[in-house]
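Notebook open, model loaded. I want to go through a surface patch, a helix and some charged pairs, one after another.

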Amino acid sequence: MLTRIQFNFFGGILNPIVTCVRCLCDTTISSITFDASGVCNFCKSHDRVASRYPLDSDNLELSKLVDAIKKSGSGKTYDCLVGVSGGTDSSFTLWWTKQLGLKPLAVHFDNGWNTEQSVRNIKRITDKLDVDLITYVVEWEEFKDLQLSFLKAAVPCIETPTDVAIHSVLYQTAAKEGIQYILGGQSFRTEGTVPREWSYLDSTYIQSVHRKFGKVALHSYPQLSLPKIFYYTFIRGIRNIPLLNYIEYNKIVAKEKLRIEFDWSDYGGHHYENIYSQFAFGWYLPRKFGIDKRKISLSGPVRSGQMSREEAVSKLELAPPVSDDIIGYVTNKLGITQTQFDSFMTLPPRSFRDYFTSYDFLKHLRIPVKVAVKMKFFTPVLYEKYYG
């Protein structure tokens, strides 16, 4: 194992941390463990997921999946649903579904923080591919209050309200349109798996935080409770499939393909197609919690052989590509003063475990979730995140 002194972006020395010998994950992740060789549990998780998605030359698993999707949509306008953000992964996924001869419906969740680039990217790719697009625009006053609640809660997972809402909208739309397959743009080979303590997704958690800190009732916010997940999955038979796991997906190659085909434009960072994500990942998490999510997004390509560990380390040594000017934009849009924001930054850091969640209940669902993964209703990445 490697031990190094980490410096924060203000030049102060933090505690020495231990880093995996294979990837960039380290002891800033509280749930990390190492074997005798210094390899972390997230690398072991990667290998287990990789065994579920073998990259054989015939791509038999992908062929079977495509046949099943086409069969499910026979005689229908759509046979699959793809969530789009304007980012690399979702844009490439939408393009790839058309290459496979599928009939996708594109769905976008607008949380009020879209960049001009993301909106332009979505329009260009859906127009050129002749794909219908549904955009769900969240009620701003509700969502703003929810985002403020998570800042007051002093937890790292301030994007949980967006992530849960996206999944809820995708399931709702799939059920309404009679679509059985949601094809996601997640790729463990290029993204890794975000630790649950950094990004815990749970509708009960959202309600708990909002009850304590919120002021506006959530009438229209798209919740996704466990009973709803059970209904969509086992009653309606909707499957959530990470399509890119079935191919040798390379983000650099994908960006160039999208640029040539659709005049798609890059936005400069992982999930930076959304301004609040830029703030959360590039500014808030490093400064308040010492969390750099690039350790996860860079570890995926390193494990997959798409990037050398040395190159990834050199990227990590640079500060996240985000300007301090973003704070003025965020505080203005949230309707708070700089003083109020500074008070959020000085709150003692907390985690999802400090609030009421469904986590204790979820721990008892290990076997049912494992069965659902085997039946390909859920991705094995989900199982690894909560049970691995």
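Which residues form a nonpolar patch on the surface, and with about how much accessible area together? I looked this up in what is a predicted model. The patch is made of F230, Y231, F234 and I235, and together they offer about 410 Å² of accessible area. I picked Y231 for a further check and found its place in helix α9, residues 226-235. Y231 has a relative accessible area of 37%, so I put it down as partly exposed.

**Helix α11**

Next I went to α11, which runs over residues 275-289. Does its length agree with what 1.5 Å a residue would give, or disagree? For 15 residues the span should be 21 Å, and the end C-alpha atoms sit 20 Å apart, so the two agree. I still looked for a bend and found a kink of about 35° at W283, shortly before the proline P286.

Then I checked the cover on this helix. I noted α11 as mostly covered, with 14 of its 15 residues buried.

I looked at both ends too. At the N-terminal end, N274 acts as the cap of α11, with a side-chain oxygen 3.1 Å from the backbone nitrogen of Y276. Just after the helix comes G290, and there I read a positive phi of about 70°.

**Salt bridges**

How many salt bridges does the count come to? I got 15. A reminder to myself on the background: side chains of opposite charge can pair when their charged atoms come close. I went through three of the pairs.

I started with E384 and R48, whose side chains meet in a salt bridge at 2.8 Å, N to O. E384 belongs to helix α18 (residues 380-387) and R48 to helix α1 (residues 41-52), so this pair ties together parts 336 residues apart in sequence. Are the two partners buried or exposed? E384 is buried at a relative accessible area of 12%, as that is under 20%. R48, at 41%, counts as partly exposed.

My second pair was D89 with K251, where the closest N and O atoms of the salt bridge are 2.8 Å apart. Here too distant parts of the chain are linked: D89 is in helix α3 (residues 88-99), K251 in helix α10 (residues 251-262), and their positions lie 162 residues apart in sequence. I checked the cover on each partner. D89 is buried at 8% relative accessible area, and K251 is buried at 18%.

The third pair was D360 and K363, with their side chains meeting at 3.3 Å, N to O. D360 counts as exposed at 51% relative accessibility, while K363 counts as partly exposed at 44%.

**Two more residues**

I looked up R22 and found it in the loop between β2 (17-19) and α1. Its relative accessibility is 27%, so R22 goes down as partly exposed. How far is R22 from V39 in sequence, and how far in space? I noted 17 residues in sequence and 6.1 Å in space, C-alpha to C-alpha.

Last came Y387, which I placed in helix α18, the helix that holds E384. Y387 is buried, with a relative accessible area of 8%. From Y387 to R196 I have 191 residues in sequence and 10.0 Å in space, again C-alpha to C-alpha.

Note on methods
Residues are numbered from 1 along each chain as its sequence is written. This is a predicted model: local features need pLDDT of at least 70, side-chain atom pairs count only at pLDDT 80 or more; totals for chains, interfaces and linings use all residues. Side-chain values use heavy atoms; hydrogens and water are left out. Helices (H or I, at least four residues) and strands (E, at least two) are DSSP runs, numbered from the N terminus. The expected span of a helix is 1.5 Å times one less than its number of residues. The bend at a residue is the angle between axes fitted to the seven residues ending there and the seven starting there. Buried means under 20% relative accessible area, exposed over 50%, partly exposed in between (1.4 Å probe, protein chains only). A polar contact is a pair of N or O atoms within 3.5 Å; within protein, one must be able to donate a hydrogen and the other to accept it, and residues adjacent in sequence count only if both atoms are side-chain atoms. Patches are made of residues with over 30% relative accessible area and no salt bridge: like charges are joined within 9 Å, nonpolar side chains (Val, Leu, Ile, Met, Phe, Trp, Tyr) within 5 Å. Accessible areas come from the Shrake-Rupley method with a 1.4 Å probe; for residues, only the protein chains shown count as cover. A salt bridge is a side-chain nitrogen of Lys or Arg within 4 Å of a carboxyl oxygen of Asp or Glu.
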